[in-house]
Each structure stands twice: as structure tokens, then as C-alpha cells.
Amino acid sequence: MDRQFDQIVILTGAGISAESGVATFRDADGLWEGHDPMAVATPEAFARDPELVYRFYNARREQLHTVKPNPAHRALADLARQSRATVTLITQNVDDLHERGGSAAVYHMHGELMQMRCLHCGHTGAAPNTFDGGTACPTCHQQGGLRPDIVWFGEIPYYMDEIDAVLSHCDLFVAIGTSGAVYPAAGFVQVARAAGAYTLEINRDPSDVSGLFHECRRGLAGEMVPQWVAELLLSESPTRG
């Protein structure tokens with residue numbers, strides 16, 4: 001990629017974390033880790049059966065302690081530190097592997113598994129490994145209002161104003177490990193292209209929106225992303241060639 005960029009926006013999806021052992025959002029049978037997503041990932045499900053939702057997310061939180069960042073996570077952190085360009089990292093993932101891989105600033109548009117939010121007072125903060133309806137909010141001290149700080153079906157993703165702003169001014173947009181099936185993220189490539197950005201998809205398999213990208217690279221993120229980052233950083237070197 002022999003071109004200079006000033007504003008790079010990177011979107012990551014389930015594929016990058018799957019290589020670390022994090023289960024993807026939906027398995028081939030349409031279930032989410034054995035559960036119907038509508039039973040554990042909607043405000044209505046939480047109101048109907050909060051204990052099931054608590055158990056599900058407590059188990060997911062515990063599972064995060066068994067996985068580690070992979071070379072793709074670490075390469076993106078290296079890019080942000082070493083590139084002459086401004087790099088904005090957006091993820092659809094709710095895990096903390098980007099942060100553990102060294103990324104200092106990440107837009108978690110679908111929320112964060114390691115955070116909780118109080119429906120009574122609006123407090124947000126770090127979640128303990130396990131919590132439930134009997135856990136008191138550390139701010140208002142009421143019970144029964146804490147929920148995972150996750151964007152559920154039917155809710156508006158976080159940081160959309162900030163994301164729209166960076167997409168509208170980027171000159172390189174890269175999607176890594178995304179399915180292209182979940183909106184609004186699936187439409188980011190169109191926003192970036194309308195802004196005149198070059199667009200690149202790095203994915204094991206074609207996504208639902210692969211045809212909208214200028215370039216597609218196929219392979220595992222853990223192999224392809226470090227290779228792409230090294231290539232981009234080399235192109236920025238004043239001694240290249």
C-alpha cells in the first residue's frame with residue numbers, strides 16, 4: 001500500500017477476537033453461545049428474566065479471563081503508537097482484548113462486558129466478575145438496577161456522533177473480522193467512501209459488503225493484520241526504498 005494517509009479509521013468485529021478463543025456472536029445454528037439472543041440480549045429479556053441475563057453475562061465475563069490478545073490486537077496498538085497518521089479504532093466487540101493488547105483509546109460501539117450501568121442513577125463503572133439483582137449500585141446503593149453496559153438489540157450504539165465525524169474525514173478505512181451483516185457498522189464503508197477514503201477489508205471470508213471495498217485481503221487476522229501494519233509503517237518511513 002504505497003500511499004500516505006493522515007486519518008485512518010479501523011473497524012474490528014468478532015473475527016479478530018475469535019482467533020483468541022472468544023466465541024463469535026452467533027454460531028452456525030443461529031444461537032449465541034447456546035442461547036437465543038432474544039432471551040439474553042434485549043431490554044425486554046432483562047425485564048422478563050434478569051437472573052438468566054445475569055448468569056449469561058457473568059459466564060461471559062469469566063470466560064474473558066481465559067483468553068489473551070492475539071498478534072492482530074497487538075499490531076493495531078503498534079500502528080496507533082508508531083504511525084504518523086491519526087488512528088481511530090472502533091470495535092463491535094464487547095471484550096477488552098484491544099486494551100489488553102495495548103490500544104489506549106477504543107470506541108466500543110456495542111458497549112463493554114467489563115462495565116456495568118445502573119438503571120436507577122445512571123452510574124457506569126467497572127463491573128465485578130459477577131453481579132446480579134442483589135448487588136447494590138456503588139453510587140446510589142439501590143439493588144436491582146445494575147445491568148451489563150452492553151448495547152442490546154433495539155438500543156442505539158454508543159459513540160455514533162464521534163464515529164460519524166471520523167468516518168467523514170478519514171482517508172483510509174479498514175474493516176477487520178467483520179461480517180458486514182450488522183448495521184450501522186456494515187454501512188461505515190459507504191460513509192468512508194463518500195468521504196473519498198480508500199477502503200480495505202481484511203477477513204477470513206468475504207463479508208456481506210465485500211463488494212464495496214477497494215481492496216480485500218483474505219486470511220486470518222492474526223497473520224494478515226501484522227503484515228498489513230508492517231507494510232503501512234514501512235510506507236511511512238522516510239528511508240523506504
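**Exercises on strand pairing**

The model contains an open sheet of three strands, in the order β5-β4-β6, with antiparallel pairing. The structure is a predicted model, in which local features need pLDDT of at least 70, side-chain atom pairs count only at pLDDT 80 or more, and totals for chains, interfaces and linings use all residues. Residues are numbered from 1 along each chain as its sequence is written, and side-chain values use heavy atoms, with hydrogens and water left out.

**Exercise 1.** Determine which strands form the edges of the sheet β5-β4-β6.

*Solution.* Begin with the terms: strands are DSSP runs of E with at least two residues, and helices are runs of H or I with at least four residues, numbered from the N terminus. Two strands pair if DSSP finds at least two bridges between them. Next, β5 (124–126) and β6 (146–150) each pair on one side only, and these are the edge strands. From one strand to the next, the twist averages 45°. Angles run from 0 to 180 degrees between N-to-C directions, with axes fitted to C-alpha atoms, for helices over the stretch in contact (heavy atoms within 4.5 Å).

**Exercise 2.** State how many bridges join β4 to β5, and locate the partner of Gln115.

*Solution.* Strand β4 (residues 111–118) runs antiparallel to β5, and three bridges join them. Gln115 has Ala126 in β5 as its bridge partner. Helix α4 (residues 50–64) lies across β4 and β6, at about 135° to β4.

**Exercise 3.** Identify the residues that stand opposite Ile90.

*Solution.* Strands β1 (residues 7–12) and β2 (residues 86–91) run parallel, joined by six bridges. Here Leu11 stands opposite Ile90. Two bridges then join β2 to β3 (residues 107–108), also parallel. In β3, Tyr107 is the bridge partner of Ile90.
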